[in-house]
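Me: Please take one part of this model, the pockets and what surrounds them, and describe it closely for someone who works at the bench. I would like each term explained with its cut-offs where it comes up.

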Amino acid sequence: MQTLTSGANSIGIPLASAQIEQFRAFAALLAEWNQKMNLTAITESEDVQKKHFLDCLAGLPLVAEEIGASLPPNKTLACVDIGTGAGFPGIPLKIAWPNLKLTLVDGTAKKIRFLEEVVATLELENVTLVQGRAEELGRHRRFRGQFDLATARAVARLNTLTEYVLPFVRQSGLAVIYKGPNAAEEFMEARNAIEMLGGETVRFSPVGVPTLDEERRVLLIRKTRKTPKHYPRQQGLPRKEPL
C-alpha cells in the first residue's frame with residue numbers, strides 16, 4: 001500500500017496504520033470477489049491503489065474546503081453514494097473520514113452482498129446498504145432531501161446523473177460528482193438540468209490524482225432549493241430523455 005500511503009499524504013490525507021489495513025483488506029476482497037462476479041476491470045494492485053483508492057480520495061480536499069472542515073474532515077455528515085457498485089467512492093471516503101454516516105445505494109443484489117462483506121470485514125460503523133434504483137429511492141421520503149452529501153462516480157452522463165443525485169440532497173447540501181476526460185462537454189449539457197433540479201454549481205475543478213497521468217474533475221453542486229416533486233422521473237426516463 002505504499003502508493004496509496006504516499007499519494008494520500010501528498011494531498012493532505014495522512015492515513016493511520018489501521019486505515020491502511022482497511023484499504024488492504026478492501027483490495028483483497030475486491031480481488032477475491034472479482035473472480036466470481038464482474039466488480040471492476042481494474043485488478044492490479046498498483047492500479048487499484050491509483051485508479052480506485054486515490055482517485056476517490058482526490059476529491060476530498062475540495063469537499064473539506066467547501067464544508068469548512070479540516071482535512072481529513074472530522075464533521076459527522078450524512079452521505080449517500082448513488083450507484084456505488086463495488087463501493088466507489090463511498091468506501092474509500094468512509095475509511096479516510098470515519099465520522100461520515102454513509103449510505104451505499106446500488107441496484108444489483110450481488111454487489112450489495114459484496115459490500116456487506118466489505119463493511120463487516122473492515123468493521124465500518126454507521127454504514128447502511130440499500131438495494132434499489134435512484135429513480136425510485138429519490139422519491140421516497142426516507143431518502144429524499146435527507147443527506148448532507150450525495151456522491152457518484154462513473155454512473156451516467158451528467159445530465160442524467162444530476163436527476164439521480166440531487167433529489168437525495170437536503171437544501172444547502174452538496175452533490176459531489178467524479179468525472180473523467182469528457183467532463184467539460186458533459187457539464188455544458190447538464191447546466192440546464194442542474195438549475196431545474198434545484199442546484200447551483202459551486203466548483204468544477206480539475207483534481208490531480210497522485211502518480212496517475214489522467215484527467216479527472218470533481219463537480220460540486222450546492223442544493224439551493226427543493227427539487228420539484230415530479231423529479232426524478234420514472235425508471236429509465238432520465239437516461240432515455242435527459243433534461
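Reply: For sorting a lining by class, Ala, Val, Leu, Ile, Met, Phe, Trp, Tyr, Cys and Pro count as nonpolar, Asp, Glu, Lys and Arg as charged, and the others, with Gly among them, as polar. The model is predicted, and local features are given only at pLDDT of at least 70 and side-chain atom pairs at pLDDT 80 or more, while totals for chains, interfaces and linings draw on all residues. Residues are numbered from 1 along each chain as its sequence is written, and side-chain values rest on heavy atoms, with hydrogens and water left out.

The protein chain has 10 helices and seven strands (DSSP runs numbered from the N terminus, H or I of at least four residues for helices and E of at least two for strands). Its C-alpha atoms fill a box of roughly 45 × 35 × 30 Å along the principal axes. Of the 243 residues, 57% are buried (under 20% relative accessible area, with exposed over 50% and partly exposed in between; 1.4 Å probe, protein chains only).

The largest pocket has a volume of about 570 Å³. A pocket here, on a 1 Å grid over the protein atoms alone, is an open set of points with protein on both sides within 12 Å along at least five of seven lines, a cavity is a set where a 1.4 Å probe fits but cannot get out, and lining residues have an atom within 4 Å of a point. Points are joined across faces, edges and corners, and the volume is the space filled by probe spheres set on them. The largest pocket is lined by 27 residues, and those that lie nearest its centre are Gly83, Gly85, Asp106, Ala154 and Val155. Helix H3, strand S2 (101-106) and helix H7 (134-137) are the elements that give two or more residues to this lining. By class, the 27 divide into 10 nonpolar, eight polar and nine charged residues.

The second largest pocket holds about 200 Å³ of space. Its lining consists of Asp55, Arg153, Ala154, Tyr178, Lys179, Gly180, Pro181, Asn182, Val207, Arg216, Arg217 and Val218, with S5 and S7 each supplying at least two residues. Five of the lining residues are nonpolar, two are polar and five are charged. Ala154 thus appears in this lining and also among the residues nearest the centre of the largest pocket.

Some of these charged residues take part in salt bridges (a side-chain nitrogen of Lys or Arg within 4 Å of a carboxyl oxygen of Asp or Glu), of which the whole structure has 16. Arginine 217 meets glutamate 215 at 3.5 Å, N to O, and glutamate 215 is partly exposed at 41% relative accessible area. Salt bridges with shared partners also join Lys51, Asp55, Arg153, Glu214 and Arg216 into one network. Valine 209, in the loop between S6 and S7, touches Asp55 and Arg216, along with Lys50, Leu54 and Ala58 (contact means heavy atoms within 4.5 Å; residues up to four places away in sequence are not counted). With a relative accessibility of 4%, valine 209 is buried, and its C-alpha lies 8.2 Å from that of lysine 51, although the two are 158 residues apart in sequence.

Strand S7 has a further link, in which arginine 222 and glutamate 66 form a salt bridge at 3.2 Å, N to O. That pair joins S7 to helix H4 across 156 residues of sequence, and glutamate 66 is partly exposed at 24%. The buried residues of H4 (60-67) are Leu60, Leu62, Val63, Ala64 and Ile67, and their cover includes helix H3 (45-57), helix H5 (90-96) and the strands S4 (147-153), S5 (169-179), S6 (199-206) and S7 (217-223). Glycine 68 follows H4 with a positive phi, near 70 degrees.

Two of the buried residues of H4, Leu60 and Val63, also line the largest cavity, together with Leu93, Trp97, Leu149, Thr151, Val176 and Tyr178. The whole structure has one cavity of 30 Å³ or more, and the largest has about 40 Å³ of space. H4, S4 and S5 each give at least two residues to its lining, which has seven nonpolar residues, one polar and no charged ones. Tyr178 lines this cavity as well as the second largest pocket.
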